[in-house]
Amino acid sequence: MGLLPHDSGKTSVTAALVREARRRGVDAVAAKPVGGHCAWRQFDTLSRSLDMGILVGEDAYKLWLASDKCEPIELISPLDILTAPPDPDAIGLDGYSEESSILTKVAVLLRISDAAGKRTEHYVISANLKRVAPALRARVEELARRVKAKPVSSAQFLKLATSSEGIVDESLQLLLDRHEEVFVESFNDAACPAPACLEADAVILVAPSRAYVYRGSDYAAVVKELARRRGLNVTSQEVFSRVTPIGSVQLVPRRKSELTLPSTDTVELLDLVKGMRIALVG
């Protein structure tokens, strides 16, 4: 889990862990069950998706590479959402900040990959895409045509995304069946990206400069208690304030080119979770 909603370092830690595990000869894989990325801030993902012929987020792509492409990227990343900020001229400056922070207002493309059924579907949220600045909109439209995205409304998008929980869970189960160890990266500061994550042996909380390790059973008990009141809409901070870590590791700073590479902190962190079959990183 991430202590911050964004930029906690989850992807870097997860990728380094799976690289180190595979270096040790362990059949390990990393997964990003639910992902989201911005076509404006992460424009490279749009270009890469065009090249690959499938919507792919930056985090999922890094984890796929760290896993030596041992599985199809659709299995590592079954649910992916592309957002794009609206053009201020299209909606006006009043309320622009609020509009830009609502997922159903900025989501423009959705991919759902059913690994078990070996089926991938893309959807384009046409009304939101029309509000995007022309230059960026043209590239998103190009990708939508390339992947044969089906047009849907914002309400239909939300229903598709929220009803894909079973597909996401099934993908994780397939990874668990096929590999010795699975490292699952959460999204934002969500406490549980999929129900299967409640079976994790270890949970790693990542914050700038330090990672904390928790017993999966302790973590799951708190998530389940909070979820009884409002479902899985629980943040990591709510959980971690109620659970005691079994240890922590000081993270070392890295150059951008070295972010996903193992270092001394990776070795120490992997030793803490050694022998645990599934680890949730957030």
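**Sheets, cavities and a pocket in a predicted model**

Reader: By class, what lines the second largest cavity, and how many of those residues are nonpolar?

Author: Here Ala, Val, Leu, Ile, Met, Phe, Trp, Tyr, Cys and Pro count as nonpolar, Asp, Glu, Lys and Arg as charged, and the others, Gly among them, as polar. On that scheme the lining has two charged residues and no polar ones. Val182, Phe183 and Leu270 are among the lining residues, and the nonpolar count is six.

Reader: What kind of model is this?

Author: Numbering starts from 1 along each chain as its sequence is written, and side-chain values use heavy atoms, with hydrogens and water left out. Local features need pLDDT of at least 70, side-chain atom pairs count only at pLDDT 80 or more, and totals for chains, interfaces and linings use all residues, since what you have here is a predicted model.

Reader: Which strand gives the most to the lining of that second largest cavity?

Author: A cavity is a set of points on a 1 Å grid over the protein atoms alone where a 1.4 Å probe fits but cannot get out, and lining residues have an atom within 4 Å of a point. The second largest one is lined by Glu181, Val182, Phe183, Leu270, Val273, Met276, Arg277 and Ala279. Helices (H or I, at least four residues) and strands (E, at least two) are DSSP runs, numbered from the N terminus. With three residues, the top contributor is S7.

Reader: What volume does the largest cavity have?

Author: The whole structure holds two cavities of 30 Å³ or more, and the second largest has about 40 Å³. Volume here is the space filled by probe spheres set on the grid points, which are joined across faces, edges and corners. For the largest cavity that comes to about 50 Å³.

Reader: Which elements each supply at least two residues to the lining of the largest cavity?

Author: The lining is made of Lys32, Gly35, Gly36, His37, Gly57, Glu58, Asp59, Ala60, Ser77 and Asp80. By class that's one nonpolar, five polar and four charged residues. The elements giving at least two each are strand S2 (34–38) and helix H3 (58–66).

Reader: And how many charged residues line the second largest pocket?

Author: A pocket, unlike a cavity, is an open set of points with protein on both sides within 12 Å along at least five of seven lines. This one has about 170 Å³ and is lined by residues including Glu71, Asp114, Lys118 and Arg178. Helix H4 (73–76), strand S5 (119–125) and helix H11 (165–178) each give two or more residues to it. Next to four nonpolar residues and one polar residue, the charged count is six.

Reader: In what order do the strands of the six-stranded sheet run?

Author: Two strands pair if DSSP finds at least two bridges between them. S7 (residues 181–185) and S11 (residues 278–281) run parallel over four bridges, while S8 and S9 (residues 210–215) are antiparallel over six. Pairing is therefore mixed, given at least two bridges per pair, and the open sheet has the order S1-S7-S11-S8-S9-S10.

Reader: Which residue in S11 stands opposite Val184?

Author: Strands of a sheet pair through backbone hydrogen bonds, either parallel or antiparallel. S7 and S11 take the parallel option. Facing Val184 in S11 is Leu280.

Reader: Which residue in the S8–S9 turn has a positive phi?

Author: S8 and S9 make a hairpin with two residues between them. On the strands themselves, Val206 stands opposite Ala211 in S9. The turn residue, with a phi of about 90 degrees, is Ser209.

Reader: At what angle does helix H1 run to S7?

Author: Helix H1 (residues 10–23) lies across S1, S7, S8 (202–207) and S11, where contact means heavy atoms within 4.5 Å. Axes are lines fitted to C-alpha atoms, for helices over the stretch in contact, and angles run from 0 to 180 degrees between N-to-C directions. Relative to S7, helix H1 runs at about 170 degrees.

Reader: Why do two strands of the five-stranded sheet have one side left without a neighbour, and which are they?

Author: The open sheet has the order S2-S3-S4-S5-S6, with mixed pairing. The two edge strands each have a single partner strand, so one side of each lacks a neighbour in the sheet. They are S2 and S6 (150–152).
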